[in-house]
Amino acid sequence: MPEDAAAAEHALPENARPENAGPENAGPENAAPGDMSLYAAMLGETGRPLGRLLEGMMTAQVTTVLARLAVADELAGGPLTAAQLAARVSAAPDALARLLSAASAYGLVRKDDAGRYALAPAGDLLRTDAEGTARGIAIGFLGPPHWQSAGRLEEIVRSPDPVNPARPGGIYEYYGRHPEEAAWFARAMGLVTGIMVDQLARTGFRPLASGRIVDVGGSRGTLLAYLLRALPSARGVLLDRPEALADAPRYLAGEGVGDRVELVAGDFLRQVPPGGDLYVLSQILHNWDDESARAIVRNCHRASRPGGGLLVIEYVLPEGPDPSLAHLMDLIMMMVLGGRERSRAEHEAMLGPEGYELVRETPLTAVLPWRILEFRHV
């Protein structure tokens, strides 16, 4: 064996060396689709978990591009060749064929002997009409603002200055200039809020306050629709940016509450609609630094009446050292928006000086680490 080849072999992880190959250890090339990982193969068995993490860039982009091209929608009717698919999704045939081959290694599609591709179960979730479709998440949560922010993580961690979402080219400017991308983000948020609403329904949650409900930053109104169905005598106001409200009329009408909701386009950092009995801030405060979050709460307090309610739903950080999905969302908030998740004590410390006292906390943690914090205007 040439000296350089021997050196290269000895650089391999122990379990990746040729002498370990055999029927009992067939090697990563024979792993099941969906379990294949280029970087995990490089790092061997001990490094497999790390290798899969490092390959996240590839898996995310392969999945997102399939979602953007609506490949799953086209394959729903049956297998197609890459050339047939390319004509339907406006893609270059050779490049699409190579993307699909990579997607087959990740268990998203299958290729038959005739060169036709069909959906695998994981890829089937990318269909637009699939129950619990992941297409909105793939496009809405992995669009340019989020992807570019993740690429700047080292810079963000090193910098003493927090991310400013209103900076030139920031997320709000981006969505203002790209309404189609804003719509995909709204769909992704709607899916997440739908999970929350399902949990609310399972627990039978009803807010302490009712009457005129103002959903601040409620996008298309997924949560507001639930609250209005749960409280038949209540009426609602939905406040958000114009592009975020684009799908609200259709959605609210489909939920049977369109005639009970007033849509208001505006900026909750400046003011919120007055006269509400209950103001709702669902996954809003975590988008902002403490100063801006206090401004939003102050606007709600100013528009509310004494004794009125403020309902806050967030991924509340644990008080102890245990790892939590809330820490992952906290990182996303830091990267994309310069915001943060907070503990219950931090919420109380932030809202107390603005005229609110906590009256009830309701865990909603079956799927994600949400907690409902209900405050009273004092």
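Two strands are taken to pair where DSSP finds at least two bridges between them, strands being DSSP runs of E with at least two residues and helices runs of H or I with at least four, both numbered from the N terminus. The structure is a predicted model, in which local features need pLDDT of at least 70 and side-chain atom pairs count only at pLDDT 80 or more, whereas totals for chains, interfaces and linings use all residues. Residues are numbered from 1 along each chain as its sequence is written, and side-chain values use heavy atoms, with hydrogens and water left out.

An open sheet of three strands, paired in the antiparallel sense, follows the order β1-β3-β2. Because β1 (80-81) and β2 (109-111) stand at the edges and have a single partner strand each, one side of each is left without a neighbour in the sheet. The pairing of β1 with β3 (residues 116-119) is antiparallel and rests on two bridges; here L80 stands opposite Y117 and T81 opposite R116. On the other pairing, β2 and β3 run antiparallel and are joined by three bridges, with Y117 of β3 as the bridge partner of K111. These two strands form a hairpin with four residues between them, and G115 in the turn has a positive phi of about 80°. The side chains of β3 alternate, such that Y117 and L119 point to one face and are buried, while R116 and A118 point to the other and are not (buried meaning under 20% relative accessible area, exposed over 50% and partly exposed in between, with a 1.4 Å probe and protein chains only).

A second antiparallel pair is made by β9 and β10, which are joined by eight bridges, E357 having R376 in β10 as its bridge partner. A hairpin of five residues connects β9 to β10, and L368 lies in the loop between them. Apart from neighbours within four places in sequence, L368 is in contact (heavy atoms within 4.5 Å) with Y315 and L325; the C-alpha atoms of L368 and Y315 are separated by 7.5 Å, although these residues are 53 residues apart along the chain.

Both β9 (356-364) and β10 (370-377) are also among the elements that cover the buried residues of helix α15, as are β4 (212-216), β7 (278-282), β8 (309-315) and α17 (344-351). Helix α15 (residues 290-303) has 14 residues and reaches 20 Å from its first C-alpha to its last, close to the 20 Å expected at 1.5 Å a residue, the expected span being 1.5 Å times one less than the number of residues. The buried residues of α15 include S292, A293, I296, N299 and H301.

Open and enclosed spaces were examined on a 1 Å grid over the protein atoms alone, a cavity being a set of points where a 1.4 Å probe fits but cannot get out, a pocket an open set with protein on both sides within 12 Å along at least five of seven lines, and lining residues those with an atom within 4 Å of a point. The second largest pocket contains about 440 Å³ of space and is lined by 26 residues, with R187, A188, G190, L191 and R220 nearest its centre. To this lining α12 gives the most, with 11 residues. The structure holds one cavity of 30 Å³ or more; the largest cavity has a volume of about 40 Å³, and its lining residues include L66, V71, L108 and G123.

Terms used
Grid points are joined across faces, edges and corners, and a volume is the space filled by probe spheres set on the points.
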